[in-house]
Amino acid sequence: AIPKFYLMQEKITCLPYHLYSDFPFNMEMLYLLALKISDDYIVKGLHLLMGVILGIGVYSWAMQEGGRKGGLWASLLYFSIPLFLQLGTLAYNDLTLSLFVFLSFYSLFVFSDIRGVILSGVFSGLAMGTKYTGILFTVPFLFLYILFSNWRKKGWKLSLIYLIFSLFTFSPWMIKNIYFTGNPLFPLFYP
């Protein structure tokens, strides 16, 4: 509803009467573009597409660990989850959040150097910009990964790089909220 309102107003504006209008909207902005050129079926298809891309990622990672058979089993399990089937028919953001969280983890697995930390930070920022709960999934994982990996000696530097890239990617939503409400994570920490 909020992207439709932005589309009608032809700008991003403050909606003080609608608490959810101050949440981050990475996926919803893609929905706005889809609504501009078509109807809501394209919007629902975008969300389903994010879930399918996640399924391909699950297959790829499992295939690296357990071969082709492992990849097929993992993707079969993923695609048979009832919640995937339900969410895939809605215009929401949970599959997109899951995709970005997955890519944040997967980039650390694929690249065991600074590129993995940078990509993980970018995908973490995208996850946080999709839904605030992305913070709960991505930030603690990185710190645990660095703590228990062979990067312990460089952990604080890698954590700083990760935070810079994730906050930079997430910053448009914080700037919007500072501009409209004075609180970068509004409605969190609302008095």
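**Group meeting: a helical chain and its salt bridges**

I'll start with one residue. Asp-113 has a relative accessible area of 30%, so it counts as partly exposed. Asp-113 meets the side chain of Arg-115 in a salt bridge, at 3.2 Å from N to O. Arg-115 is partly exposed as well, at 47% relative accessibility. I'll come back to salt bridges in a moment. Before that, please keep in mind that what you see is a predicted model.

Now the chain overall. Its secondary structure consists of eight helices and zero strands. Read from the N terminus, the order of elements is therefore simply α-α-α-α-α-α-α-α. As for compactness, the radius of gyration is 18 Å, and the globule rule gives 16 Å for 191 residues; the two are close, so the chain is as compact as a globular protein of that length. The C-alpha trace spans about 50 × 40 × 25 Å along its principal axes.

How much of the chain counts as buried? The figure is 42% of the 191 residues. On the outside, the chain exposes about 11,100 Å², and carbon and sulfur atoms supply 72% of that area. For contacts, take the ones between residues at least 6 apart in sequence: 62% of them join residues at least 24 apart.

Next, charges. The chain has 13 positive and 8 negative charges, and the mean positions of the two sets are 11 Å apart.

How many salt bridges does the structure hold? There are three. You have heard about Asp-113 with Arg-115. Another one joins Asp-22 and Lys-176, with the closest N and O atoms 3.6 Å apart. This pair links distant parts of the chain: Asp-22 sits in the loop between α1 (2–9) and α2 (26–37), Lys-176 sits in helix α8 (residues 155–181), and 154 residues separate them.

Are these two residues buried or exposed? Buried means under 20% relative accessible area. Asp-22 has 3%, so it is buried. Lys-176 has 9%, so it counts as buried too.

The remaining bridge is between Asp-94 and Lys-131, where the closest N and O atoms are 2.5 Å apart. Asp-94 lies in helix α5 (residues 94–110), while Lys-131 is in the loop between α6 (114–130) and α7 (134–148), so this pair ties together parts that are 37 residues apart in sequence. Lys-131 has a relative accessibility of 22%, so it counts as partly exposed.

Last, two leucines in helix α2. One of them is Leu-33. Why does Leu-33 count as exposed? Because its relative accessibility is 53%, and exposed means over 50%. From Leu-33 to Leu-167 there are 134 residues in sequence, and in space the C-alpha atoms are 24 Å apart.

Leu-35 is also found in helix α2. What does Leu-35 touch, leaving aside its neighbours within four places in sequence? Its contacts are Lys-4, Leu-7, Asp-40 and Val-43. Gly-121 is 86 residues from Leu-35 along the chain, with 30 Å between their C-alpha atoms.

To recap: eight helices and zero strands, three salt bridges, and, in the Asp-22 and Lys-176 pair, a link between distant parts of the chain.

Key:
Residues numbered from 1 in each chain as written. Predicted model: local features only at pLDDT ≥ 70, side-chain atom pairs only at ≥ 80, totals over all residues. Heavy atoms only, no water. Helix = DSSP H or I, 4+ residues; strand = E, 2+ residues; numbered from the N terminus. Rg over C-alpha atoms; globule rule 2.2 N^0.38 Å. Buried < 20%, exposed > 50% of the residue type's maximum accessible area, 1.4 Å probe, protein only. Contact = heavy atoms within 4.5 Å. Areas by Shrake-Rupley, 256 points an atom, 1.4 Å probe, with all protein chains shown as cover. Lys, Arg positive; Asp, Glu negative; His and termini not counted. Charge placed at Lys NZ, Arg CZ, Asp CG, Glu CD. Salt bridge = Lys/Arg side-chain N within 4 Å of Asp/Glu carboxyl O.
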